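Please open the model in a viewer and keep the sequence panel beside it. The tour below proceeds from the whole chain to selected elements and residues.

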Amino acid sequence: MDNLLVVRNLKVTDLRNQEEVIHGVSFELKKNSCLGIVGESGSGKSMTAKAILGLTNPWMHTEGAAKFSSEQGTLDLLQQEANTLRSIRGQRICMILQDAMSAFDPLAKIGSQMAETFIENKGLSRSEAMTMALIALKMVNMPDPEQVLKKYPHQLSGGMLQRCMVAIALAMKPDIIVADEPTTALDSINQRLVVEEFKLLRQQTGAALIFISHDLGVVQYLSDQLLVMRCGERVEYGEAKSIFQNPQHEYTKYLIDSRRELAQSFQKSMKRRAVSA
């Protein structure tokens, strides 16, 4: 299977204090696969993705290589001009941010914002772009999509806004979707819906997915490969199934054991509630 993205020896340094925050991370992303990136808060998961896409702060210096292969050929994302990267981010690689509310302009209606994205990146007319926005919302099973297009972000729940972002990515049909903690702010019902939509996204577009999360249950459900990070370093990397079944690093064992304990304590409390009811 061909690799869409090959990252080698990625390093990120904070120029304000010369502290290296990402320490030589390497991984590959295969076509139509999902790479899960896990680790506790501050482990460098989001920073790794942002560095590859040129979205770090100006005082962060990135080095290494991030070879992205598309129909146009292979290029190193870390060596591209800002305009080239912006074009790639708009059309070939989509990023779904952690906080859906902050991703939308509070003063513009959802439909207008979705349409603007399609006009800029697809060269559509406004009416074509609005039609595309409606179709995209229907594809993620958004309730009453015609009304959603007319609403402002504050009139929608976090789950609905997250689904709007998934719908935009679905319509753009990129090669790679980077989802940065997309389920963190959601309740369990909306979380399940959004996770199923990511699965749908892969099936319908054939896009590869980088799914960043500290929720091992979600990552285990979606991922083919797994990258475990701690303090800016790669501590374990390989096939997700084998790592979950037989983790090699003590930190990975700790993460998996912690999740099992949480699941067991939850199941026990539910059983006690059922008995007392």
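What percentage of the 277 residues of the chain count as buried? The share is 46%. The model under inspection is a predicted one, and every value quoted here is computed from it.

**Stop 1: the whole chain**

Display the C-alpha trace first. Along the principal axes, the C-alpha atoms occupy a box of roughly 60 × 55 × 40 Å. The radius of gyration of the chain is 20 Å, which agrees with the value near 19 Å that a compact globule of 277 residues would have. Next, colour by secondary structure: 11 helices and 10 strands should appear. If a contact map is available, consider the pairs of residues at least 6 apart in sequence; 66% of those contacts join residues at least 24 apart.

**Stop 2: helix 5 against helix 7**

Select residues 126-139, which form helix 5, together with residues 158-172, which form helix 7. Two packed helices are described by the angle between their axes and the distance between the axes. Here the angle is about 115 degrees, and the axes lie 8 Å apart. Helix 5 is therefore roughly perpendicular to helix 7, since angles of 65 to 115 degrees are counted in that class. The crossing of helix 5 over helix 7 is right-handed.

Now show side chains at this contact. Which residues of helix 5 meet helix 7? They are M132, A136, L137 and M139, and their counterparts in helix 7 are C164, A167, L170 and A171. By class, the contact of helix 5 with helix 7 comprises 8 nonpolar residues, with no polar and no charged ones.

**Stop 3: the loop after helix 5**

Move on to N141, in the loop that connects helix 5 to helix 6 (145-149). Most residues other than glycine have a negative phi. N141, which is not a glycine, has a positive phi near 55 degrees. Is N141 buried or exposed? Its relative accessible area is 58%, so N141 is exposed, the threshold for that class being over 50%.

**Stop 4: strand 1**

Finally, select strand 1, residues 3-14, and centre on N9 within it. N9 is likewise not a glycine, yet its phi is positive, at about 50 degrees. With a relative accessible area of 40%, N9 is partly exposed. The two asparagines thus sit in separate settings: N9 is found in a strand, whereas N141 is found in a loop.

Technical notes. Residues numbered from 1 in each chain as written. Predicted model: local features only at pLDDT ≥ 70, side-chain atom pairs only at ≥ 80, totals over all residues. Heavy atoms only, no water. Axes fitted to C-alpha atoms, helices over the stretch in contact; angles between N-to-C directions. Helix = DSSP H or I, 4+ residues; strand = E, 2+ residues; numbered from the N terminus. Parallel < 35°, antiparallel > 145°, perpendicular 65-115°, else oblique. Left-handed = near helix turned anticlockwise from the far one by under 90°. Contact = heavy atoms within 4.5 Å. Nonpolar A, V, L, I, M, F, W, Y, C, P; charged D, E, K, R; others polar. Rg over C-alpha atoms; globule rule 2.2 N^0.38 Å. Buried < 20%, exposed > 50% of the residue type's maximum accessible area, 1.4 Å probe, protein only.
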